[in-house]
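User: Please pick one part of this model and look at it closely. Then show me how that part fits into the rest, in plain words.

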Amino acid sequence: MSDSDDTVGQDFDEAVNMTAAQLSDWLDTDESESVGQDDGGESVGHRSGRRIVEILQKKKGERTGSDEEHMRKVVGYVHRHLAQRPDGDVSETRWRYSLMNWGHDPLKD
């Protein structure tokens with residue numbers, strides 16, 4: 001694994017603060033399914049969440065190039081979305097729910 005791959009892994013571990021079990025449970029909720037861009041089916045974020053669960057369940061040495069590409073996408077999304085935090089209590093907001101679909105619960109920070 002190269003240094004850049006190590007950095008991606010570290011950034012991913014910092015961005016994704018939910019466990020595979022927590023994220024999997026979250027993805028089964030109505031709130032999770034109520035947010036995100038979709039094409040008439042599953043939303044992009046929800047689909048990403050399922051992929052994140054798969055990545056989290058792998059040993060770090062088993063991650064593929066495709067996994068690392070998705071990890072970069074997750075890190076970028078989480079960082080961009082955090083920068084758009086709305087004012088006030090975010091506990092029951094679409095903003096939080098979208099982030100949680102990508103494996104980050106802002107209330108855990």
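**A loop residue and its surroundings**

Analyst: Start with S91, which is partly exposed because its relative accessible area is 22%. Here "buried" means under 20%, "exposed" means over 50%, and "partly exposed" lies in between (1.4 Å probe, protein chains only). This is a predicted model, where local features need pLDDT of at least 70, side-chain atom pairs count only at pLDDT 80 or more, and totals for chains, interfaces and linings use all residues. Residues are numbered from 1 along each chain as its sequence is written, and side-chain values use heavy atoms, with hydrogens and water left out.

Where is S91? It sits in the loop between α5 and α6. Helices are DSSP runs of H or I with at least four residues, strands are E runs of at least two, and both are numbered from the N terminus. Set aside neighbours within four places in sequence, and S91 contacts R96, Y97 and L107. A contact means heavy atoms within 4.5 Å. H46 is 45 residues from S91 along the chain, and their C-alpha atoms are 19 Å apart.

Two of those partners, R96 and Y97, lead us into α6, where both are buried. How many of the residues of α6 are buried? The count is 7 of 8, and the helix is mostly covered. Besides R96 and Y97, the buried set holds W95, S98, L99, M100 and N101. The cover over them includes α2, α3, α4 and α5 (65–82). Just after α6, G103 has a positive phi of about 90°.

Now take α2, one of the covering helices. Its buried residues are A20, L23, W26 and L27. They span an arc of only 130° around the axis, so they lie on the same side of α2. The arc is that of the directions from the helix axis to the C-beta atoms. An α-helix has 3.6 residues a turn, so residues three or four places apart point the same way. A21 and D25 are exposed, on the face turned away from the buried side of α2. The buried residues of α2 pack against α3 (30–33), α4 (44–57) and α6 (94–101).

Next comes α4, which holds V44. V44 is partly exposed, because its relative accessible area is 36%. With neighbours within four places set aside, V44 contacts Q37 and W102. V44 and W102 are 58 residues apart in sequence, yet their C-alpha atoms are 9.5 Å apart.

In α5 we find H70. H70 counts as buried because its relative accessibility is 10%. It touches S48, R51, I52 and I55, not counting residues up to four places away in sequence.

Step back to the whole chain. It has 6 helices and 0 strands. Of its 109 residues, 41% are buried. Take the contacts with a separation of 6 or more: residues 24 or more positions apart account for 63% of them. The C-alpha trace spans about 40 × 30 × 25 Å along its principal axes. The radius of gyration is 14 Å, which agrees with the value near 13 Å for a compact globule of 109 residues. That radius is taken over C-alpha atoms, and the globule rule is 2.2 Å times the number of residues to the power 0.38.
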